[in-house]
Amino acid sequence: MTQSVKSDRIAKLLATEDVTVRHSTTAKTASFDTNSRVLTLPVYLVKNDNVHDMMTGHEVGHALWTKADDWLKALVNNYDKDILNVVEDARIEKKIKTRYPGIVRNFIEAYKILADKKFFYDDVSTINEMQFIDRVNLHFKCGMASNVRFYAEEKPLVEMVANCNTWKDVLKTTRAIMEFTVAQFQEEEHQEMLEDGFEDSI
């Protein structure tokens with residue numbers, strides 16, 4: 001059985017619907033279109049069954065639990081797409097691993113391989129210099145092995161991501177991270193103004 005036929009069957013079985021599986025030579029990563037119900041898998045540079053099965057399982061998670069109308073409504077209501085995606089990814093991966101425990105090892109091995117291939121970062125020494133949401137993404141995909149550090153003020157938000165079970169939880173957590181990011185940016189700007197001597201005295 002070829003890998004493409006195998007992945008088609010696995011995707012349809014796990015998703016419990018007749019999703020369309022497309023194998024692309026140009027796609028950089030896997031994706032799932034919640035409207036057309038098309039699951040795209042890259043003819044990936046990493047020729048590894050664990051990576052392939054993890055990507056299939058991840059996108060099946062979106063097929064099962066990410067609703068097209070919910071996603072569109074969130075974007076219309078100005079939820080940050082990148083933050084929303086990271087939080088939702090954490091939720092659906094937790095749910096797919098709970099529903100299909102046999103796929104957990106595939107996820108662990110696949111993310112280890114991708115980390116070794118520098119899929120998430122160019123230099124391991126720069127991990128803790130990454131933006132908060134990028135560190136969150138790495139933490140929930142690669143786990144403790146990623147050695148991601150969080151500041152005390154960030155840890156409650158990380159817990160919120162970990163505890164997301166519903167779409168409502170995802171929206172609440174995304175909004176909280178958005179507000180934190182804005183406040184952090186404003187504080188950094190304020191500090192720069194102080195350091196540059198531009199602070200007004202009253």
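In this predicted model, His139 is part of helix 6, which covers residues 132–142. Its relative accessibility is 18%, so His139 counts as buried, the cut-off being under 20%. Leaving aside residues up to four places away in sequence, His139 is in contact with Met144, Ser146, Val148, Phe150 and Val158.

**Overall architecture**

The protein contains 8 helices and 3 strands. Along the sequence, these elements follow the order α-β-β-β-α-α-α-α-α-α-α. Of the 202 residues in the protein, 41% are buried. The accessible surface amounts to about 12200 Å², and carbon and sulfur atoms account for 52% of this surface. Among contacts between residues at least 6 apart in sequence, 55% link residues at least 24 apart.

**Helix 4 and its packing against helix 3**

Helix 4 runs over residues 81–99. Its 19 residues, at 1.5 Å a residue, should span 27 Å, and because the end C-alpha atoms are 26 Å apart, the expected and modelled values agree. At the N-terminal end of helix 4, Asp80 acts as a cap, with a side-chain oxygen 3.1 Å from the backbone nitrogen of Asp82. The buried residues of helix 4 include Ile83, Leu84, Val86, Val87 and Ile96, and also the residues Glu88, Asp89, Arg91 and Glu93.

Helix 3 comprises residues 68–76, and its axis comes within 10 Å of the axis of helix 4. The two axes cross at roughly 145 degrees, and the crossing is right-handed. On the helix 3 side, the residues involved are Trp71, Ala74 and Leu75, which meet Lys81, Leu84, Asn85 and Glu88 of helix 4. Two of these helix 4 residues, Leu84 and Glu88, are also listed as buried. An α-helix has 3.6 residues a turn, so residues three or four places apart point the same way.

**Loop residues with positive phi**

Arg37 and Asn78 are not glycines, yet Arg37 has a positive phi and so does Asn78. Most residues other than glycine have a negative phi. The two residues are set out below.

| Residue | Phi | Loop | Relative accessibility |
|---|---|---|---|
| Arg37 | about 60 degrees | between strand 2 (31–33) and strand 3 (38–42) | 23%, partly exposed |
| Asn78 | about 65 degrees | between helix 3 and helix 4 | 61%, exposed |

Asn78 thus belongs to the loop that joins the helix pair described above. Asn78 counts as exposed because its relative accessibility of 61% is over 50%, whereas Arg37, at 23%, falls in the partly exposed class.

Technical notes. Residues numbered from 1 in each chain as written. Predicted model: local features only at pLDDT ≥ 70, side-chain atom pairs only at ≥ 80, totals over all residues. Heavy atoms only, no water. Helix = DSSP H or I, 4+ residues; strand = E, 2+ residues; numbered from the N terminus. Expected span 1.5 Å × (residues − 1). Buried < 20%, exposed > 50% of the residue type's maximum accessible area, 1.4 Å probe, protein only. Polar contact = N/O pair within 3.5 Å; in protein donor to acceptor, adjacent residues only side chain to side chain. Contact = heavy atoms within 4.5 Å. Areas by Shrake-Rupley, 256 points an atom, 1.4 Å probe, with all protein chains shown as cover. Axes fitted to C-alpha atoms, helices over the stretch in contact; angles between N-to-C directions. Left-handed = near helix turned anticlockwise from the far one by under 90°.
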